[in-house]
Amino acid sequence: FADMMKTHAPSTDALINDAYATAKEQERRFKAAVAKYNETRTEFVEAKNGGKHQLVQMEHFRVDSMLSVMRKIVNQQTKQKDTDTALHTLQQELERQTEATTAKAVLTRFIACNVAKYGEEQLPDAQEATLEIEYRDMFNSIEDAMSITLEINPHVKIPLIVPLLCGRIRDLHGFKTEGIFRKSPNKNVMMRVKKRLQVKNFQLNDENNVHVYAALLKEWLRGLQDLVIPK
């Protein structure tokens, strides 16, 4: 019975691959939900700004019409000859104020008063699809390798691990080294460097065995779940 259980029990690699596939699917759903939220938010903000623009235009027309009527009334009053010096001075001041007042100035003061009283409008913030738990593995897929790379440098076109490993192979004269890509390095040393890369520690100058980097490059290519050259 124990032998049967061992035969049918999933391997550690299978369990890891299943967990990775589940995490990847949840990440895709999460990013899709965030993208949908940001799209809806953008539509909301654009519609709100459009409504504001129309409202301002309507209020501008209304205030401008009111000011126009007021100017006509004041002008009619100032045309009448009045011996009262104080009244005449008041009429002149009203004429000057109405001529200097614009609809834009009235609306600007109105908005400033409302902002001072109620505060500025708070629009919903855009969201970023960030991962709280890091599960990505650059040795598992090109998608993960590129995702990690773009966080470091958004302008590159290939995963960082490729020029990093190739650079170390070149610097250690790997192209002239006998058995390059054939000889196997010390497994413990290789796994130590691999784990360092998996936690985004790219300082590799303390390991000078060129076969370690050649083996890691082969390991990266072999372990990819997606195709290097898409169909």
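Author: A helix here is a DSSP run of H or I with at least four residues, and helices are numbered from the N terminus. By that reading, Val69 belongs to helix α2, which covers residues 12-79. Please keep in mind throughout that the model is predicted.

Reader: Is Val69 buried or exposed, or does it fall in between?

Author: The cut-offs decide: under 20% relative accessible area is buried, over 50% is exposed, and values in between are partly exposed. Val69 has a relative accessibility of 49%, so it counts as partly exposed.

Reader: How far apart in space are Val69 and Ala116?

Author: Separation in sequence and separation in space are two readings, and both should be given. Val69 and Ala116 are 47 residues apart in sequence, and their C-alpha atoms are 30 Å apart. A second pair, Lys218 and Glu99, is 119 residues apart in sequence and 82 Å apart from C-alpha to C-alpha. Lys218 is part of helix α8 and is partly exposed because its relative accessibility is 26%. For a third pair, Asn205 and Arg168, 37 residues along the chain go with a C-alpha separation of 8.3 Å. Asn205 is placed in the loop between α7 and α8, and its relative accessibility of 57% makes it exposed.

Reader: What does the span of helix α4 show?

Author: One compares the end-to-end reach with the span expected for the number of residues. Helix α4, residues 103-118, contains 16 residues and reaches 22 Å from its first C-alpha to its last, close to the 22 Å expected at 1.5 Å a residue. Just after α4 comes Gly119, with a positive phi of about 90°.

Reader: Which residues form the nonpolar patch on the surface?

Author: A residue must have over 30% relative accessible area and no salt bridge to join a patch. Here Phe110, Ile111 and Val115 make up a nonpolar surface patch, and together they have about 280 Å² of accessible area. Ile111 is situated in helix α4; it counts as partly exposed because its relative accessibility is 46%.

Reader: How should I read a positive phi in a residue that is not a glycine, such as His173?

Author: The background is that most residues other than glycine have a negative phi. His173 is not a glycine, yet its phi is positive, about 60°. His173 is found in the loop between α6 (161-171) and α7, and it is exposed because its relative accessible area is 56%. Phe181, also not a glycine, has a positive phi of about 65°. The loop between α6 and α7 holds Phe181, whose relative accessible area of 35% makes it partly exposed.

Reader: How many salt bridges does a search of the whole structure find?

Author: The cut-off is a side-chain nitrogen of Lys or Arg within 4 Å of a carboxyl oxygen of Asp or Glu. The search of the whole structure finds 15. One of the salt bridges joins Arg136 and Glu151, with the closest N and O atoms 3.0 Å apart. Arg136 is in the loop between α4 and α5 (142-152) and Glu151 is in helix α5, so this pair ties together parts 15 residues apart in sequence.

Reader: Are Arg136 and Glu151 buried or exposed?

Author: The two partners are judged one at a time. Arg136 counts as buried because its relative accessibility is 8%, whereas Glu151, at 52%, counts as exposed. In another salt bridge, Arg170 meets Asp171 with the closest N and O atoms 3.3 Å apart; Asp171 is partly exposed, its relative accessible area being 42%.

Reader: Which parts does the salt bridge between Lys194 and Glu219 tie together?

Author: The side chains of Lys194 and Glu219 meet at 2.8 Å, N to O. Lys194 lies in helix α7 (residues 187-198) and Glu219 in helix α8 (residues 210-223), so the pair ties together parts 25 residues apart in sequence. Lys194 is buried, with a relative accessible area of 11%, and Glu219 is buried as well, with 18%. Elsewhere, salt bridges with shared partners link Lys24, Glu27, Arg28, Lys31, Glu143 and Asp144 into one network.

Reader: Where does Lys194 lie with respect to Phe139?

Author: For a charge and a ring, one asks about distance from the ring centre and position over the face. Lys194 lies over the face of Phe139, 5.1 Å from the ring centre.

Methods:
Residues numbered from 1 in each chain as written. Predicted model: local features only at pLDDT ≥ 70, side-chain atom pairs only at ≥ 80, totals over all residues. Heavy atoms only, no water. Helix = DSSP H or I, 4+ residues; strand = E, 2+ residues; numbered from the N terminus. Expected span 1.5 Å × (residues − 1). Patch = residues over 30% accessible without salt bridge, like charges linked within 9 Å, V, L, I, M, F, W, Y side chains within 5 Å. Areas by Shrake-Rupley, 256 points an atom, 1.4 Å probe, with all protein chains shown as cover. Buried < 20%, exposed > 50% of the residue type's maximum accessible area, 1.4 Å probe, protein only. Lys NZ or Arg CZ within 6 Å of the ring centre and 35° of its normal.
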